[in-house]
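Me: I'd like to learn how to read a few features off a protein model. Could you walk me through one?

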Amino acid sequence: MWNRVEQTAREVFGGFGFGEIRLPIFEPTELFARAVGGETDIVSKEMYRFIDRSEKLERNPKIRNLGRFIEKVKHLLKSGEIPEVDATEVYLEHAEESWKKVETALLETAGPEHLLDDIDELLAYIGAMQLGPDLALRPEVTASVCRAYIEHGMHALAQPVKLYYMGPMFRRERPQKGRYRQFYQIGAEVLETVRKEVASGEWLVASAKDAATDAEVIEMVMAYFARLGLEGVQLDINSIGHSAPACRRGYVEKLKAALEKVKDKLGADSQRRIETNPLRVLDSKLESEQAIIEKLPRIGDHLCADCAKHHAEVKRQLELRGVAYQENWRLVRGLDYYMRTTFEITARGLGSQNAVCGGGRYDGLVELLGGPPTKGIGFAIGEDRVILSLQEAGKGGAAQGRDVYIAWMGEKTLATAIRAARDLRQAGFRVELPPVEQKFGKALGQADKLGARYALILGEDEVASGQWTVKTLADGTQGKYSEAGLLEFLRKQKS
Ligand code: AMP
């Protein structure tokens, strides 16, 4: 199943001109914080973070070496080899002071007894320093793609750059059906650096080309799901405008004001979000909030002319491509980097966790991460959920069947059996060659258990005459073929 789902993605995405990018499993925490947004759940609560060790410092310095150790920390901090974190500098100052006390006392008095407190304090300061980089297991990959795009100068390649990826992501969420802490995504991104003259001014203007790109990317996911035979697929789209006062920022102000008025009727989560991330209130699934949310101002009525035009063009382009969609004004997506087009796809058989794909446009994200002005659109598919949905629909597929099971009998037939297995495998068939001779009945039983379609029966008569017996296991029919004849027969059956 996993292979089929991934192989199909390679085929379909390849057909749209996408190439694979392989990305690291962990990145600096800062990358995700900046791209995805510090206030989002993903970054503030769900990331698996760790402070890496410093390569330059010994781990457990001896007390008598602490003076030297502190000097070294100071030096590495200055040369930028230790991350510049405020707390480390403060701890370092405290550590130096404590060390002075310890050093003087150690030199001037004999008994170490009363020094223990000072030493403990000192070790605590050292233990609290961040001496290595702050890293996180990736909770998503768009930020990494942008990081790689910048780091490897991909703006100099033919534009746009179209990339797909697949692999594990990590989020500390409450596990349930279709929601895991290590889950797999298959995604794609289209990045296009804008020429300077076009990118002049503070913001990247929407062009008709962008809308066509949005629609093609969505068409590609839908084509992929259709090829897999995913059932009950539904596409929701929306536009969340761009971050200008005359567009989304203005809307968010209005939304906030409207939310303040109904604050006491909202749950604790939504109340908190009025301050931190008001758009996310629209995501709420709380039954008691639904009627209230329906009456809130809608982004569609507050888009600037540019974004409204873009949205209308995306819809026209989807229609041109025969992609059915549903407009959903509450679809805001939880990540900070999205703008204009957002979309989500749901499928059958998944209960409450029924989103199998989320995506949107993120012009400006590359720039935010230190690259040139660049437009971007992408999506991520939840591979685990796609597989669950296919299984739920009875499309789990046979485990690992075989085309041919070779039942060889008599030592003299082994050489022929080995050759037959090699030729059939070279022709692309899945072949099982038992390592030791078996009785006829046992061989057929084994062939059946492995889900083989045919048994090739090789006894001494068959080897002598060159006419091999082939049994079709489903109906028990039998025929005799030369080796070439067998290959032809199997090929015909396969097609
Ligand atoms: P997101 O970027 O959060 O919208 O994620 C994109 C897709 O990844 C979702 O639509 C889900 O199909 C899938 N996904 C996200 N989080 C998880 C998770 N914890 N477990 C399984 N799949 C997930």
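Me: Let's start with Glu-96: how does its relative accessibility count?

Reply: This is a predicted model, so keep in mind that local features need pLDDT of at least 70. Buried means under 20% relative accessible area and exposed means over 50%, with partly exposed in between. Glu-96 has 23% relative accessibility, so it counts as partly exposed.

Me: Which residue forms a salt bridge with Glu-96, and how far apart are the closest N and O atoms?

Reply: The general idea is that side chains of opposite charge can pair when their charged atoms come close. Here the partner is Lys-74, and the closest N and O atoms are 2.9 Å apart. The two residues are 22 apart along the chain, with Lys-74 in helix H4 (residues 66–78) and Glu-96 in helix H5, and the pair links distant parts of the chain. Lys-74 is partly exposed because its relative accessibility is 32%.

Me: How many salt bridges does a search of the whole structure find?

Reply: The search finds 36. Another one to look at is Arg-340 with Asp-306, at 3.7 Å from N to O. This pair also links distant parts of the chain: Arg-340 is in strand S9 (residues 339–346) and Asp-306 is in helix H13 (residues 305–320), 34 residues apart.

Me: Is Arg-340 buried or exposed?

Reply: Arg-340 has a relative accessible area of 0%, so call it buried. Asp-306 is partly exposed, at 25%.

Me: What about Arg-422, which side chain does it meet in a salt bridge?

Reply: That's Asp-423, again with 3.7 Å from N to O. Arg-422 is partly exposed because its relative accessibility is 47%. Asp-423, with 19%, counts as buried, since the cut-off for buried is under 20%.

Me: Which residues do salt bridges with shared partners join into one network?

Reply: The network takes in Asp-214, Asp-306, Arg-340, Arg-361 and Asp-363. You've already met Arg-340 and Asp-306 as a pair.

Me: Now for the surface. Which residues form a negative patch?

Reply: For a patch, you look for like charges joined within 9 Å, on residues with over 30% relative accessible area and no salt bridge. In this structure Glu-84, Asp-86, Glu-89, Glu-93 and Glu-97 form a negative surface patch. Take Asp-86: you'll find this residue in helix H5 (residues 86–108). Asp-86 has 64% relative accessibility, so it counts as exposed.

Me: And which residues make a nonpolar surface patch?

Reply: Look at Ile-25, Phe-26 and Phe-50, which make a patch of about 250 Å². Phe-50 is in strand S3 (residues 49–51). Phe-50 is partly exposed because its relative accessible area is 32%.

Me: Let's zoom out. What does the domain assignment give?

Reply: You get domain 1 (2–26 + 137–247 + 303–392), domain 2 (53–132), domain 3 (255–297) and domain 4 (404–494). To get a feel for the layout, compare C-alpha centres: those of domain 2 and domain 4 lie 74 Å apart.

Me: Where is Val-470 placed, and is Val-470 buried or exposed?

Reply: Go to strand S15 (residues 468–472) to find Val-470. Val-470 counts as buried because its relative accessibility is 4%. For a sense of distance, try Val-470 against Lys-162: they are 308 residues apart along the chain, and their C-alpha atoms are separated by 48 Å.

Terms used. Residues are numbered from 1 along each chain as its sequence is written. This is a predicted model: local features need pLDDT of at least 70, side-chain atom pairs count only at pLDDT 80 or more; totals for chains, interfaces and linings use all residues. Side-chain values use heavy atoms; hydrogens and water are left out. Patches are made of residues with over 30% relative accessible area and no salt bridge: like charges are joined within 9 Å, nonpolar side chains (Val, Leu, Ile, Met, Phe, Trp, Tyr) within 5 Å. Accessible areas come from the Shrake-Rupley method with a 1.4 Å probe; for residues, only the protein chains shown count as cover. A salt bridge is a side-chain nitrogen of Lys or Arg within 4 Å of a carboxyl oxygen of Asp or Glu. Lys and Arg count as positive and Asp and Glu as negative; His and the chain ends are not counted. The place of a charge is taken as NZ of Lys, CZ of Arg, CG of Asp or CD of Glu. Helices (H or I, at least four residues) and strands (E, at least two) are DSSP runs, numbered from the N terminus. Buried means under 20% relative accessible area, exposed over 50%, partly exposed in between (1.4 Å probe, protein chains only). Domain bounds come from an automatic or database domain assignment.
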